[in-house]
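Look at the model below. Start with the overall layout, then move to the details.

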Amino acid sequence: MAAHGTPVIDVRRVDDGFAADFDTGMVIIGAGACGMVAALAAHERDEAVLVVERDATPSGSTALSAGLIPAAGTRFQREAGIDDDAGIFAADIQRKAHDENDPALVASLARGAAPMIEWLADRYGLPFSLVDDFDYPGHSRRRMHGLPSRSGRELVDRLRTACENAGIDIITERRVTTLHTDASGRVAGVTMLRPDGGIERVGCEKLVLACNGFGGNAQMVREYLPDIADALYFGHTGNQGEAMLWGEALGARIRHPGAYQGHGNVAHPHGILITWAVIGEGGFQVDRTGRRFWNESQGYSEAARAVLARPGGEAFSIFDERIAGIASQFADFRDAQAQGAIREAATSEELADIIGVEREALVDCFAEIAQAREAGGRDAFGRDFAQTPPLMPPYRAVRVTGALFHTQGGLETDGHGRVMRRDGGFLPNLRAAGGAACGVSGAGDAGYLSGNGLLAATVLGRAAGAWETP
Ligand SMILES: Cc1cc2nc3c(=O)[nH]c(=O)nc-3n(C[C@H](O)[C@H](O)[C@H](O)COP(=O)(O)OP(=O)(O)OC[C@H]3O[C@@H](n4cnc5c(N)ncnc54)[C@H](O)[C@@H]3O)c2cc1C
């Protein structure tokens with residue numbers, strides 16, 4: 001242990017004295033969506049798997065999410081009459097990320113998503129359905145799939161049950177601190193730290209890093225994501241960046257360390273995620289003065305910086321009863337309502353008074369949007385309102401702030417989770433997936449297409465666990 005009780009995260013050679021307490025075939029570090037999907041895929045190939053999780057109960061950022069996974073060409077889409085395929089999906093991902101992603105990785109993810117959703121539904125009984133009543137920014141088709149509660153907690157719990165039913169071992173309250181490698185660079189095992197300070201060592205033939213990114217590591221966030229370093233971190237605090245630190249020590253290539261997903265619609269001070277549907281369906285954002293400040297249709301990730309740049313680092317999302325009805329399918333939104341975060345008023349003037357913004361300014365916003373509609377749809381910010389119905393009284397408003405949700409850069413992998421070396425080729429018996437690897441969200445915050453997080457966690461997690469090769 002280092003000073004102040006912080007464990008040393010490192011890579012050591014086995015000739016420094018590694019002796020395993022026990023051995024297994026594959027160790028998977030992290031029991032979020034990525035790790036558990038990887039475990040299911042490995043188990044199907046008769047691999048002896050051990051999932052190691054630092055928390056007492058698997059949760060990760062996955063449990064904090066809405067649990068929505070985009071997939072193109074699923075039977076759920078066909079039943080809803082939606083014509084979609086991997087090529088259209090890949091083009092949407094690349095358009096949002098300004099072609100900053102590796103096209104081969106994007107193609108793998110887009111191709112693998114529909115079979116992955118149907119596999120989890122058919123083999124493990126996860127009752128996915130399509131979100132078919134609103135559009136997500138940047139997706140040219142309705143392709144978000146979620147579980148009944150539309151919450152990531154349900155996703156984690158159902159994956160854990162599937163692992164338990166399959167007899168997969170998940171060992172909790174063990175933080176992996178050290179990877180041990182042999183002279184050829186193969187990982188021979190890991191050291192795990194227990195909460196009581198004791199350590200255990202497990203030997204393995206294969207290692208999968210499914211321990212997400214570095215959003216919970218303030219020092220790394222300040223170094224790589226200075227724009228958002230002072231914002232609230234809304235992801236799992238256990239995501240401390242070990243995958244990137246180990247990878248660097250092993251000679252892995254790091255790609256897009258400055259990429260992240262933010263969110264500009266977190267109820268404040270309640271700290272509850274408000275679905276972007278409230279904006280996408282025709283709502284808008286104003287700052288403390290009651291004035292709009294940007295083209296909200298760009299997306300919720302870049303909304304974090306837009307909102308944080310306003311006075312007090314906050315804004316109000318304005319919508320109506322119809323939209324609240326759509327948003328109510330999300331457990332988080334219902335929670336926000338129950339906690340009184342969503343305010344209601346019969347007129348725009350009354351709404352301005354309730355939330356404490358300038359009456360005239362807010363009334364003008366409604367008028368300007370109505371004018372934009374009459375003139376064909378586009379407003380002064382370039383947002384097109386023609387595709388959504390006008391807001392109707394009674395109106396709703398929620399005070400929001402911007403937050404960092406999760407990092408999107410990291411170890412550079414191929415579509416099978418193989419980790420690339422800085423000097424060419426791949427690390428021998430190591431795979432990385434989900435937030436532990438570089439995703440497909442470009443180089444900054446504006447390249448995140450909704451669902452890129454769980455897309456990479458589940459599709460790449462499945463490929464890594466199956467130890468696919470080209
Ligand atoms: C509020 C919120 C909403 C979101 N909504 C969506 C959404 O609807 N759709 C979407 O696609 N994405 C969404 N995301 C992003 C999504 O949650 C992540 O991309 C995804 O959960 C990553 O999965 P993962 O398995 O890689 O990481 P995690 O779920 O974070 O799991 C990693 C696990 O590794 C464990 N761990 C870390 N280090 C160690 C270690 N050294 N030893 C042992 N265990 C370790 C952690 O405790 C954790 O349990 C959202 C994120 C947030 C924060």
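What follows goes from the domains to a small sheet and then to the ligand.

This is a predicted model. The domain assignment splits the protein chain in two. Domain 1 is made of two segments, 3–255 and 410–465. Domain 2 covers 261–404. The C-alpha centres of the two domains lie 32 Å apart.

How many residues of domain 1 are in contact with domain 2? There are 23, and they meet 24 residues of domain 2. Counting a contact takes C-beta atoms, placed from the backbone, within 7 Å. On the side of domain 1 that touches domain 2, 12 residues are nonpolar, six are polar and five are charged.

Now take the sheet. Three strands form an open sheet in the order β4-β6-β5, with antiparallel pairing. β4 (69–70) and β5 (129–130) are at the edges. Each has a single partner strand, so one side of each has no neighbour in the sheet. β5 pairs with β6 (residues 144–146) over two bridges, in the antiparallel sense. Within β6, histidine 145 is the bridge partner of leucine 130.

Last comes the ligand. Which residues come nearest to the ligand? Of the 45 residues around the ligand, they are Gly30, Gly32, Gly60, Gly434 and Gly453. Several elements give two or more residues to this shell. The helices are α1 (33–44), α2 (60–64) and α15 (452–465). The strands are β8 (175–181) and β18 (395–407). By class, the shell has 19 nonpolar, 21 polar and five charged residues. Glycine counts as polar in this division.

Conventions:
Residues numbered from 1 in each chain as written. Predicted model: local features only at pLDDT ≥ 70, side-chain atom pairs only at ≥ 80, totals over all residues. Domains from an automatic or database assignment. Contact = placed C-beta atoms within 7 Å. Pairing = 2+ DSSP bridges. Helix = DSSP H or I, 4+ residues; strand = E, 2+ residues; numbered from the N terminus. Near = placed C-beta within 6 Å.
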